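I opened my notebook for an afternoon of looking things up in this fold. The entries follow in the order I made them.

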Amino acid sequence: MLNDGRIGELVTIDMIENVGYWHQAHSFVRSNWSKAGESNPMIMAKSCHDMDILVWLAGADCSHLTSYGGLKHFTKENAPEGAPLRCLDGCPARDTCAYYAPDIYFGVEDARGLSLALTNDDSVEGIMEALRIGPYGRCVYHCDNDVVDHQVVAMEFENRITATFTMTAFTTDGGRTVKLMGTKGQIRAHMGKGVIEISDFKTGRVETIQLSMAAHGHGGGDRGIMKDFPGGARTRRREERELVVGGRLRAKSRHGVRRGAIQTGSPLRPNS
């Protein structure tokens, strides 16, 4: 739509990464991505996809940016009075706390698949045992997390397009929403629901498009990567064999094929 000029010249982008309160608790408070020093900052661990999409939509590199954010909610200071270190150790706030672990893994529809991260035993008894002894049963206010739970970024690209990006844990639904504002119209999209809405300033016409979306695996992206990987691996191996000329490996660059300095005693084997 952008390439076809449906909204004229793109000027402004607004994107929101709706992490979801339950997803933040699972992945970025209790799990492997909770500490920047052991994994990545949130902007890389969760929002690298958003940065990639923004650069793709803008069609230029980012030249200036500023960012603000922090860890506001998931701290010891915000723990309910009398909250133990683990949810199942008799928490007095179990009926009012949205982050009570059993309620997330048994009660939130989008989070039920996450129970596979807890244990290979997906029975009620198996999941409850994992919550009793494992990291996912810890009180979100008594964890060792340090990554941000909210962040905003303002960007200007080399072609003078400006963009704002918000990552927040405090949403009900997960998924990305984006608004593209042009000189002749606007586009709004909800990536989780697969809905695109395009508006024309002159005519006032609003067109809604419903895309066919995969239910799980990042909108079908996970399955697509696994489907393409074997073919990509075979192609790479074939190219490596073809690039071995007279015992010298020629490496590909962005500008074509160039001779490399790697000496080989014999042609590369397919598994080299």
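**The cavity**

I began with the enclosed space: the largest cavity has a volume of about 80 Å³. My search at a threshold of 30 Å³ or more turned up one cavity in the structure. I kept in mind throughout that this is a predicted model.

Next I listed what lines the largest cavity: R30, P80, A83, P84, C87, C91, C97, Y99, Y100, C139, V140 and Y141. Sorted by class, this lining has eleven nonpolar residues, no polar ones and one charged residue.

**Y100, from the cavity wall**

I picked Y100 out of that lining for a closer look. Y100 sits in the loop that runs between strand 2 (62–70) and helix 4. Is Y100 buried or exposed? Its relative accessibility is 6%, under the 20% cut-off, so I noted Y100 as buried.

Setting aside neighbours within four places in sequence, I found Y100 in contact with C87, L88 and R94. Of these, C87 is also listed in the cavity lining. I also checked a pair far apart in sequence: Y100 and V140 are 40 residues apart along the chain, and their C-alpha atoms are separated by 8.5 Å.

**Two nonpolar cores**

A reminder to myself: in soluble globular proteins, nonpolar side chains tend to be buried together. Here the largest nonpolar core has 28 residues, and those touching the most other members are Y99, Y105, L118, L131, V140 and Y141. Helix 1 (21–29), helix 4 (101–107) and helix 5 (124–133) each give at least two residues to this core. Helix 5 provides the largest share, four residues. Y99, V140 and Y141 were familiar names to me, as they appear in the cavity lining too.

Another core lies apart from that one; it has 26 residues, including F28, V148, M167 and I187.

**Helix 5 and L131**

Which residues of helix 5 are buried? I wrote down G126, I127, M128, A130 and L131. Helix 4 is among the things that cover them.

I then followed L131 outward. Beyond its neighbours within four places in sequence, L131 is in contact with R86, L88, A101, P102, Y105, L118, Y136 and G137. Two of my earlier names return here, since Y105 and L118 are among the core residues that touch the most other members.

**Helix 1**

Helix 1 turned out to be mostly covered, with seven of its nine residues buried. Those buried residues are W22, Q24, A25, H26, S27, F28 and V29. I asked what they pack against, and found helix 2 (42–45) and helix 4.

**The second largest pocket**

Back to open space: the second largest pocket holds about 190 Å³. Its lining is made up of D14, I16, T177, V178, K179, R188, A189, H190, K193, V195 and E197. Which elements give two or more residues to this lining? They are strand 1 (10–18), strand 5 (175–182), strand 6 (185–190) and strand 7 (195–200).

By class, I recorded four nonpolar, two polar and five charged residues around the second largest pocket. For the largest cavity, my note above gave eleven nonpolar and one charged.

**Either side of strand 4**

T168 lies in strand 4 (residues 162–168). I marked T168 as buried because its relative accessibility is 16%, and the cut-off is under 20%. Not counting residues up to four places away in sequence, T168 touches E17, N18, V19, G20, D149 and H150.

R160 lies in the loop between strand 3 (150–157) and strand 4. Why did I call R160 exposed? Its relative accessible area is 69%, and exposed means over 50%, so the label follows. Most residues other than glycine have a negative phi. The phi of R160 is near 75°, a positive value in a residue other than glycine, and I flagged R160 for that.

**Whole-chain tallies**

I finished with the totals. The protein chain has six helices and eleven strands. Of its 272 residues, 35% count as buried. The chain exposes about 16600 Å², of which carbon and sulfur atoms supply 52%. Among contacts with a separation of 6 or more, 63% join residues 24 or more positions apart.

Terms used. Residues are numbered from 1 along each chain as its sequence is written. This is a predicted model: local features need pLDDT of at least 70, side-chain atom pairs count only at pLDDT 80 or more; totals for chains, interfaces and linings use all residues. Side-chain values use heavy atoms; hydrogens and water are left out. On a 1 Å grid over the protein atoms alone, a cavity is a set of points where a 1.4 Å probe fits but cannot get out, and a pocket is an open set with protein on both sides within 12 Å along at least five of seven lines; lining residues have an atom within 4 Å of a point. Grid points are joined across faces, edges and corners, and a volume is the space filled by probe spheres set on the points. Ala, Val, Leu, Ile, Met, Phe, Trp, Tyr, Cys and Pro count as nonpolar, Asp, Glu, Lys and Arg as charged, and the others, Gly among them, as polar. A nonpolar core is a set of buried Ala, Val, Leu, Ile, Met, Phe, Trp, Tyr and Cys residues joined through side-chain atoms within 4.5 Å. Buried means under 20% relative accessible area, exposed over 50%, partly exposed in between (1.4 Å probe, protein chains only). Contact means heavy atoms within 4.5 Å. Accessible areas come from the Shrake-Rupley method with a 1.4 Å probe; for residues, only the protein chains shown count as cover.
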